[in-house]
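Visitor: I am new to this one. Could you walk me through it, step by step?

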Amino acid sequence: MLKVTAIDEHLQVVFSDNVHFDKDLPEFRTQGGVHVHEDKLTVTSPVLMWIKSLDLILEKMKSVGFSFQDVKAISGTGQQHGSVYWKKGAKESLNNLCSEFPLHLLLKSSFVISDSPIWMDSSTTAECRHLEDAVGGAQNLASLTGSRAYERFTGNQIARIYKQKPEVYAQTERISLVSSFAASLFLGDYAAIDYSDGSGMNLLKIWEKTWAETCLQACAPGLGEKLGPAVPSSLVLGSISPYHVVRYGFDPDCKIVTFTGDNPASLAGMRLQEGDIAVSLGTSDTLFLWINEPTPALEGHIFCNPVQTDTYMALLCYKNGSLMRERIRDECALGSWDEFSKALRTTCAGNNGNLGFYFDVLEITPQAVGVHRFNAENQKVPHFPKEVEVRALMEGQFMAKRIHAERLGYKIMPRTRILATGGASCNQEILQVLSDVFGAPVYTIDTANSASLGCAYRAVHGLVANSGLSFSDVMKLARKPKLAASPNPRAAQVYQPVLKRYSELERKVISDAFETP
């Protein structure tokens, strides 16, 4: 789906709309906006579908009288890790767009690969191992680029294309991320990759913010030239293309601020500040962390911060989210969230030493599966009383998140806020457990279209970033999050030893998962 969000000088949303790829552009025959190939590993999206969706949404805005001439700046986002391959000569086409025709017709011959590899692709296992070997192992790659090698990361996708289709790679003039590709359509020129989205490629040295030559060479020859230099995420790339001025009536002085990836854009949309954590409690659970001094590990990801260049963001994902909570609710709380909440209210913090690990599907972090219960003596037990099971699930999920965040270098500060989103964020008792485990207040925020909204915020900040104003300064006008829970005064005393036990038992769970039956 392509979304547009416009805000005014008070940071209030004044316009929003979207184009649904499957429904509005059926000629591309996508499901969920993608093509899943026969091997079930290769997943791509049509480049022209993305361009045509931009044509469509701009025409929709024009038809309802949207005031393009009042737009001062544009920024945007694209799904992380996906890549676009411009054909030799495409730069000239971008520089000379004729406003009489839509972009998808003008650029239909500008790409050497018509279907772009995207984040859902998992066909590059061999390339991942090769890249890790080239730098001396997975941890070395994580320390250099912020993540160990992942199949969906762009460097490994490029390596596979070079290996399987060297002639296609040779015809490629420029490789863009989805975000910088989208920015190019507004700029009328190749747009640079920003530091934050560039961190999701296994190619960028996150400390120096330059391409890692060893990684480039391991993926494909001459890759640095095809990528171009990476730039700060708040940089103004230039003014909007004359094409959009003539066709839609944009002000010629409208600025294009560097586009970034969807996860970094969501951090901006949720308005994280130094020391904050955002916890999205959905089908999968996701943590966004603002970190000053990260320690990259084999689990999770470290990206350059999209709103403050000298700091970082961390990302942790968990598969066993709401579906796991719903199963325990059904089995232990009569299928009722009210009964689930009652179980949390009537059991004590720390659960009298009973701890649980709940993974219906193979988890990402830690890499384990199954349900593992331990009593206060660290003995494995087959079951818990129902109310104990409920608390063990919630404490276990939140303790794992805190432990993994701290392994990546996160430090809870006196000013730390936890910003909770997603379906479970409306449950007061769940938020109280979250607050107690982290020892920090929990706030709730409305994050509908957070990535799109984050780009609108970043466009505002991009106009003033050179003056020294921080993103937080610009965001002072935005609606404040709502306090939902504060930690119990005894929470730190209760959870400090429990967290240590949980971390030690997690290692046992991982070890058991890899034992040969």
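Here is a short set of questions and answers about the model above.

Visitor: What kind of model is this, and how many helices and strands does the protein have?

Guide: Welcome! This is a predicted model. The secondary structure of the protein comprises 21 helices and 24 strands.

Visitor: How compact is the protein for its length of 517 residues?

Guide: The globule rule gives 24 Å for 517 residues. The C-alpha atoms fill a box of roughly 70 × 50 × 45 Å along the principal axes. The radius of gyration is close to what the rule gives, so the protein is as compact as a globular protein of that length, at 24 Å.

Visitor: What share of the 517 residues is buried?

Guide: A residue counts as buried when its relative accessible area is under 20%. By that cut-off, the share of buried residues in the protein is 57%.

Visitor: Among contacts between residues at least 6 apart in sequence, what share joins residues at least 24 apart?

Guide: A contact here means heavy atoms within 4.5 Å. Among the contacts that qualify, the share joining residues at least 24 apart is 72%.

Visitor: How far apart are the mean positions of the positive and negative charges?

Guide: The protein has 51 positive and 56 negative charges. Taking the mean position of each group, the distance between the two is 2 Å.

Visitor: How are the rings of F68 and F250 arranged: stacked, edge-to-face or tilted?

Guide: The search of the whole structure finds 16 aromatic pairs. In the pair of F68 and F250, the ring centres are 4.8 Å apart and the planes stand at 50 degrees. Planes under 30 degrees apart count as stacked and over 60 as edge-to-face, so this pair is tilted.

Visitor: How many residues apart in sequence are the parts that F68 and F250 tie together?

Guide: F68 lies in the loop between α2 and β5, while F250 lies in the loop between α13 and β13. Both F68 and F250 are buried. Because of where the two residues lie, their pair ties together parts whose separation in sequence is 182 residues.

Visitor: Which residues share an aromatic cluster with F68 and F250?

Guide: The two belong to one aromatic cluster. Their partners in this cluster are F15, F66 and Y248.

Visitor: In the pair of Y162 and Y169, which residue is buried?

Guide: Y162 and Y169 form an edge-to-face pair, with 5.3 Å from centre to centre and 70 degrees between the planes. Y162 has a relative accessible area of 32%, which makes this residue partly exposed. At a relative accessible area of 4%, the buried one is Y169.

Visitor: How many of the 11 residues of helix α7 are buried?

Guide: Helix α7 covers residues 154–164. Its buried residues include T154, Q157 and I161. The helix is largely enclosed by the rest of the structure, because the number of its residues that are buried is eight.

Visitor: Which residue follows helix α14 with a positive phi?

Guide: Helix α14 spans residues 262–269, and six of its eight residues are buried, so the helix is largely enclosed by the rest of the structure. Among those buried residues are P264 and L267. With a phi near 60 degrees, the residue that follows α14 is R271.

Visitor: Which residues does S184 touch, not counting those up to four places away in sequence?

Guide: S184 lies in helix α9, residues 178–187. Its relative accessibility is 0%, so S184 counts as buried. Leaving out residues up to four places away in sequence, S184 touches W86, L94, D189, Y190 and A191.

Key
Residues numbered from 1 in each chain as written. Predicted model: local features only at pLDDT ≥ 70, side-chain atom pairs only at ≥ 80, totals over all residues. Heavy atoms only, no water. Helix = DSSP H or I, 4+ residues; strand = E, 2+ residues; numbered from the N terminus. Rg over C-alpha atoms; globule rule 2.2 N^0.38 Å. Buried < 20%, exposed > 50% of the residue type's maximum accessible area, 1.4 Å probe, protein only. Lys, Arg positive; Asp, Glu negative; His and termini not counted. Charge placed at Lys NZ, Arg CZ, Asp CG, Glu CD. Phe/Tyr/Trp six-rings, centres within 6.5 Å; stacked < 30°, edge-to-face > 60°.
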